[in-house]
Amino acid sequence: MLKAMENAAQQLGLKSEKGLVAYGSYQGYTVLIRTDKDNRNAVSIHFAVCADGAEAGTVDAGKYGLPSDVSVMGVKYKQIAQFTGGKKREENTQKIVKAVKAMVNAFLAEGLRNCDEKGVTGLTDVYLVQGEYFILSDITAQEIQAAVNSKKRELQNVRENPVLGIVGAMIGSLAGIAIIFILGRLRIVSMLGGVALGFGIVL
């Protein structure tokens with residue numbers, strides 16, 4: 001399937017990365033083609049489109065030449081065509097090419113516009129964010145990158161201090177020993193000491 005994806009990407013004028021993912025623009029629509037991580041024969045073809053800023057629903061690309069064994073699913077602004085490839089490389093290549101062309105023809109016929117996965121219309125591209133590929137506009141990509149960078153900074157600022165941890169444990173244990181000693185000298189029921197010790201540990 002990987003070689004079939006590379007061949008399909010070449011025929012469609014898309015970029016290909018080791019046959020695992022292909023992406024680019026086809027007739028003004030950003031397309032992302034990828035294989036499943038667990039099943040390399042399972043192919044999904046991703047687009048992001050909208051109808052005047054609204055979600056498009058699932059597009060019926062069957063009447064535009066979509067192969068019969070390719071299913072289409074609309075999720076918010078995403079349109080995903082999926083199929084499981086066979087053993088013949090050329091058949092898989094042609095199925096990918098036909099599916100992309102059928103989807104784009106359906107978008108053009110229904111007046112759907114290229115957008116990103118959040119519904120922002122205009123120029124989009126495929127971005128790799130934390131190991132996953134997304135169809136995003138520059139604005140959305142910058143927002144996501146800023147959020148990721150902010151989260152990284154927060155995680156870097158939260159550093160453990162083992163010295164203070166050890167000191168805190170020592171102070172807590174000394175307080176517990178003192179409570180047990182005092183209650184023992186006063187001959188108060190040991191259950192109270194257990195409760196006080198537990199309370200001291202929680203604090």
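This is a short walk through the structure above, from its overall make-up to its core, its cysteines, its largest pocket and a few single residues. The model is predicted.

Start with the whole chain. The chain has 203 residues, and 35% of them are buried. DSSP runs give 5 helices and 10 strands. Contacts also link distant parts of the sequence. Among contacts with a separation of 6 or more, 52% join residues 24 or more positions apart.

Now look inside. The largest nonpolar core holds 32 residues. Within this core, Val31, Ile33, Ile45, Phe47, Ile96, Val100 and Phe107 have the most contacts. Several elements give two or more residues to the core: the helices α1 (2-12) and α2 (89-109), and the strands β2 (21-26), β3 (29-35), β4 (42-51) and β7 (78-84). Which of them gives the most? The answer is α2, with 9 residues. A second core stands separate from this one. The second core has 10 residues, including Val21, Tyr23, Ala48 and Ile135.

Phenylalanine 47 is a good place to pause. Set aside its neighbours within four places in sequence, and it still has a long list of partners. Phenylalanine 47 is in contact with Tyr29, Thr30 and Val31, among others. Its contacts also include Tyr77, Lys78 and Gln79. Val100, Met103, Val104 and Phe107 are on the list too, as is Ile135.

Follow one of those contacts to phenylalanine 107. This residue lies in helix α2. Is phenylalanine 107 buried or exposed? Its relative accessible area is 0%, so it counts as buried. Beyond its neighbours within four places in sequence, phenylalanine 107 is in contact with Tyr29, Phe47, Val49, Val59, Gln79 and Leu112. Take the pair with valine 49. The two residues are 58 residues apart in sequence, yet their C-alpha atoms are 7.8 Å apart in space.

Asparagine 92 is also found in helix α2. Asparagine 92 is buried, with a relative accessible area of 3%. Not counting residues up to four places away in sequence, asparagine 92 touches Met1, Ala4, Phe83, Gly85 and Gly86.

Ala4 leads on to α1. The buried residues in this helix are Ala4, Met5, Asn7, Ala8, Ala9 and Leu12. They pack against β1 (15-17), β2, β3 and α2. After α1 comes glycine 13, with a positive phi near 75°.

Next, the cysteines. How many disulfides are there? The count comes to 0. A disulfide is a covalent bond between the sulfur atoms of two cysteines. Cysteine 50 and cysteine 115 show why this pair is not counted. The sulfur of cysteine 50 has its closest cysteine sulfur in cysteine 115, at 3.7 Å. The cut-off is 2.5 Å, so 3.7 Å is too far for a bond. The closest cysteine sulfur to that of cysteine 115 is, in turn, the one in cysteine 50. Both residues are hidden from the probe. Cysteine 50 is buried at 0% relative accessibility, and cysteine 115 is buried with a relative accessible area of 0%.

Turn to the largest pocket. Its volume is about 280 Å³. There are 15 lining residues, and those closest to the pocket centre are Arg34, Thr35, Asp36, Lys37 and Ser44. Strands β3, β4 and β7 each supply at least two residues of the lining. These three strands also give residues to the largest core. By class, the lining has 6 nonpolar, 5 polar and 4 charged residues.

Two loop residues close the tour. Both have a positive phi, and neither is a glycine. Glutamine 27 sits in the loop between β2 and β3. Its phi is near 50°. With a relative accessible area of 46%, glutamine 27 is partly exposed. Lysine 76 belongs to the loop between β6 (71-75) and β7. Its phi is about 55°. Lysine 76 is exposed, at 58% relative accessibility. The limit for exposed is over 50%, which is why 46% makes glutamine 27 partly exposed while 58% makes lysine 76 exposed.

Technical notes. Residues are numbered from 1 along each chain as its sequence is written. This is a predicted model: local features need pLDDT of at least 70, side-chain atom pairs count only at pLDDT 80 or more; totals for chains, interfaces and linings use all residues. Side-chain values use heavy atoms; hydrogens and water are left out. A nonpolar core is a set of buried Ala, Val, Leu, Ile, Met, Phe, Trp, Tyr and Cys residues joined through side-chain atoms within 4.5 Å. Buried means under 20% relative accessible area, exposed over 50%, partly exposed in between (1.4 Å probe, protein chains only). Helices (H or I, at least four residues) and strands (E, at least two) are DSSP runs, numbered from the N terminus. Contact means heavy atoms within 4.5 Å. On a 1 Å grid over the protein atoms alone, a cavity is a set of points where a 1.4 Å probe fits but cannot get out, and a pocket is an open set with protein on both sides within 12 Å along at least five of seven lines; lining residues have an atom within 4 Å of a point. Grid points are joined across faces, edges and corners, and a volume is the space filled by probe spheres set on the points. Ala, Val, Leu, Ile, Met, Phe, Trp, Tyr, Cys and Pro count as nonpolar, Asp, Glu, Lys and Arg as charged, and the others, Gly among them, as polar.
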